[in-house]
Amino acid sequence: MEPKNSRREEVLERLEEAGGLRPGATPSVHRSTGIPAADIYGVATFYHLLAEPDIDVRVCQGLSCHLANCKSLLEDFQGMGLEAAYTSCVGRCDLAPAHWRKDGKLATPAPFLGSIGEERVFDLDGGDGERYEALAQALDWGPDRVCQELEASGLQGRGGAGFPAFIKWNAVRGQAETERYIVLNADEGEPGTFKDREVMLRRPHLVIEGLAIAALTLGAQDIYLYIRGEFEDCRQALAGAVATARRRGDLDDSVHWHFVDGHGAYICGEETALLEALEGKRGLPRLKPPFPVEKGFRQKPTLIQNVETIACVPAILRKGGAWFRALGTTEPGTKLYCLSGHVQQPGVYEAPLGTPLSALIAAAGGTVGTLKAFSPGGASSGFLPARQLDIAMDFGSLRDAGTMLGSAGAVLLNDTVDMVEAALVQAVFFEDESCGQCAPCRIGTRSLRRALESYLTQGRSSGALDHVREVAWGMGEASICGLGQTAALPMTSAMKYFPEEFGL
Ligand SMILES: Cc1cc2nc3c(=O)[nH]c(=O)nc-3n(C[C@H](O)[C@H](O)[C@H](O)COP(=O)(O)O)c2cc1C
Ligand code: SF4
């Protein structure tokens with residue numbers, strides 16, 4: 001491990017070593033880093049895993065786990081005398097109701113993997129035997145040709161925004177500054193999403209090779225892998241892949257690999273909040289511009305890429321950009337879709353980008369009960385009614401439908417589900433995970449959650465919801481980052497498609 005750039009960057013690691021926010025931790029980290037104790041306290045309280053270190057078991061209260069009766073699981077753990085509490089999402093929606101133990105012990109069945117179509121990029125159940133031929137190809141081709149191939153592939157970011165990858169690569173290359181960084185966003189925390197987890201566990205070499213290609217192409221010497229704290233097994237798989245590749249001579253020592261743990265803050269999946277966390281601070285999203293490609297980690301040009309995105313790169317170089325582009329139906333490539341909630345076989349499904357949810361559900365053995373609604377791409381995407389099941393699950397089509405593909409974490413709801421309660425579950429999530437930096441989001445998320453609770457407790461009188469549309473508008477217009485900008489969508493979309501449940 002390379003030394004940190006500053007004592008500030010050590011803060012989170014030191015707090016983790018101290019066992020979180022325990023008596024004596026703040027002064028001890030202050031002594032070792034020189035950072036003021038109040039500042040350290042502020043950082044520690046931001047991260048759930050550091051702020052509440054004595055919780056033995058965290059029970060997920062995300063939507064899929066809510067549907068699977070997480071309340072009773074929590075009561076079971078409490079009945080066993082364990083310190084158990086709800087948490088936002090543990091990235092195991094396929095195994096709902098899910099929990100995470102701080103001792104790392106997990107008793108979970110093997111996740112399910114499925115696919116549609118002949119050709120795949122990931123082949124998640126197909127082994128991981130590559131010998132980094134794509135990295136050798138990149139060395140042979142040089143940066144111009146690699147970026148051309150990436151452009152030809154049409155690869156869009158899989159972390160949520162769908163931004164063309166080649167534009168970011170070219171932007172970093174175009175910077176005059178030669179100190180550059182590559183950052184892997186493996187903080188996967190959007191409720192409904194667990195695809196990056198399976199890529200890291202089953203195809204870690206694709207991730208490592210993709211990162212090495214990025215570093216070579218963009219002239220970066222350091223690669224940071226920011227992995228959510230609950231994914232210890234993923235971290236081990238990636239670290240093991242680096243060690244194996246080095247031993248086999250597939251990787252040389254020209255880049256430094258830095259593995260960094262997340263500490264349980266969903267907002268740190270937002271790329272600039274992630275950079276703040278890497279720099280040892282509270283994960284408050286930055287104002288953009290400047291974008292990370294220009295001023296990212298340590299204010300230097302930085303490529304931040306999602307796990308699934310970067311893991312597509314080796315196949316693109318091996319088989320060609322045109323091959324990748326042709327894999328999709330409406331947009332380029334295959335996509336890893338997550339299915340959870342009221343579906344017979346929850347799991348990760350690789351399918352051509354643009355495959356409708358109806359086809360994915362068929363591959364998953366159908367729904368449990370009669371489908372009423374679905375959330376196409378994680379909590380931030382809101383809800384659509386079952387009649388829109390044939391819409392292409394791609395970035396453009398879902399954007400046109402007023403929602404988003406996001407992280408492609410589809411949650412299915414059958415006709416037993418109360419849409420007001422479903423909207424409330426999402427509202428609680430966003431309130432809990434708002435970083436609190438800007439007023440529209442900090443106050444808006446609380447206000448929406450309270451309005452829904454009042455509506456439910458006051459005999460479903462629609463007066464309780466009088467101001468929610470104005471609040472939602474303000475959040476969408478004035479929030480700094482995507483969390484606040486989309487947090488009202490579950491409620492506004494549920495009101496739009498199921499007005500009778502909201503007394504409208
Ligand atoms: C609130 C919020 C949470 C996010 N969480 C994640 C995440 O867990 N993983 C991820 O890759 N991207 C996440 N993103 C998107 C990132 O900000 C960024 O767009 C992405 O890492 C870029 O990589 P990509 O182009 O490969 O998708 C999130 C964005 C927002 C607004
Ligand atoms: S929108 Fe919410 S999460 Fe994003 S910066 Fe503002 S307060 Fe933080």
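# Exercises on a predicted two-ligand model

The protein chain holds 22 helices and 13 strands. The model is predicted, and every value below is computed from it.

## Exercise 1. Overall dimensions

Task: Decide whether the radius of gyration of the protein chain agrees or disagrees with that of a compact globule.

Solution.
- Step 1. For 504 residues, the globule rule gives a radius of gyration near 23 Å.
- Step 2. The protein chain has 22 Å, so the value agrees with the rule.
- Step 3. Along the principal axes, the C-alpha atoms fill a box of roughly 70 × 60 × 45 Å.
- Step 4. Of the 504 residues, 56% are buried.
- Step 5. Take the contacts between residues at least 6 apart in sequence: 73% of these join residues at least 24 apart.

## Exercise 2. Domains and one contact

Task: List the domains of the protein chain, then describe the contact of domain 2 with domain 4.

Solution.
- Step 1. The division is domain 1 (7-51), domain 2 (57-101), domain 3 (113-326), domain 4 (332-412) and domain 5 (419-502).
- Step 2. Between the C-alpha centres of domain 2 and domain 4 there are 24 Å.
- Step 3. Domain 2 brings six residues to the contact and domain 4 brings 10 residues.
- Step 4. On the side of domain 2 that touches domain 4, four residues are nonpolar, one is polar and one is charged.

## Exercise 3. The shell around ligand 1

Task: State which residues are closest to ligand 1 and which elements and domains supply its shell.

Solution.
- Step 1. Ligand 1 is surrounded by 22 residues, and the closest are G157, G159, G269, N306 and G482.
- Step 2. Two elements give two or more residues to this shell, β8 (302-306) and α21 (482-486).
- Step 3. The most comes from β8, with three residues.
- Step 4. Domain 3 (113-326) and domain 5 (419-502) each provide at least three residues of the shell around ligand 1.
- Step 5. Sorted by class, the shell has six nonpolar, 10 polar and six charged residues.

## Exercise 4. The shell around ligand 2

Task: Repeat the analysis for ligand 2, naming the closest residues and the class counts.

Solution.
- Step 1. Around ligand 2 there are 14 residues; C435, C438, C441, C481 and G484 are the closest.
- Step 2. At least two residues of this shell come from each of α19 (439-457) and α21.
- Step 3. The shell around ligand 2 contains eight nonpolar, five polar and one charged residues.
- Step 4. Set beside the previous exercise, α21 appears in the shell around ligand 1 and in the shell around ligand 2.

## Exercise 5. Helix α11

Task: Check the length of helix α11 (residues 204-218) against its expected span, and say whether its residues are largely buried or exposed.

Solution.
- Step 1. Helix α11 has 15 residues; at 1.5 Å a residue they should span 21 Å.
- Step 2. The end C-alpha atoms of α11 are 21 Å apart, which agrees.
- Step 3. Since 14 of the 15 residues of α11 are buried, the helix is largely enclosed by the rest of the structure.
- Step 4. Just after α11 comes G219, with a positive phi of about 70°.

## Exercise 6. Backbone exceptions

Task: Identify the cis peptide bonds that involve P289, and place the positive phi values of D123 and R298.

Solution.
- Step 1. Most residues other than glycine have a negative phi, and most peptide bonds are trans.
- Step 2. K288 and P289 are joined by a cis peptide bond with omega about -5°.
- Step 3. From P289 to P290 the peptide bond is also cis, with omega near 5°.
- Step 4. P289 lies in the loop between α13 (271-278) and β8, and P290 is placed in the loop between α13 and β8 as well.
- Step 5. R298, not a glycine, has a positive phi near 55°; R298 is found in the loop between α13 and β8.
- Step 6. R298 counts as partly exposed because it has 15 C-beta neighbours inside 10 Å.
- Step 7. D123 has a positive phi near 50° and is not a glycine; its place is the loop between β4 (113-115) and α7 (133-141).
- Step 8. D123 has 17 C-beta neighbours inside 10 Å, so D123 counts as partly exposed.

## Exercise 7. Residue S461

Task: Locate S461 and decide whether S461 is buried or exposed.

Solution.
- Step 1. S461 sits in the loop between α19 and α20 (468-478).
- Step 2. The cut-off for an exposed residue is 12 or fewer other C-beta atoms within 10 Å.
- Step 3. S461 has 12, so S461 is exposed.
- Step 4. From S461 to R387 the separation is 74 residues in sequence and 28 Å in space, C-alpha to C-alpha.

Note on methods:
Residues numbered from 1 in each chain as written. Chains lettered and ligands numbered in written order. Predicted model: local features only at pLDDT ≥ 70, side-chain atom pairs only at ≥ 80, totals over all residues. Helix = DSSP H or I, 4+ residues; strand = E, 2+ residues; numbered from the N terminus. Expected span 1.5 Å × (residues − 1). Buried ≥ 20, exposed ≤ 12 C-beta atoms within 10 Å, placed from the backbone. Near = placed C-beta within 6 Å. Nonpolar A, V, L, I, M, F, W, Y, C, P; charged D, E, K, R; others polar. Domains from an automatic or database assignment. Contact = placed C-beta atoms within 7 Å. Rg over C-alpha atoms; globule rule 2.2 N^0.38 Å.
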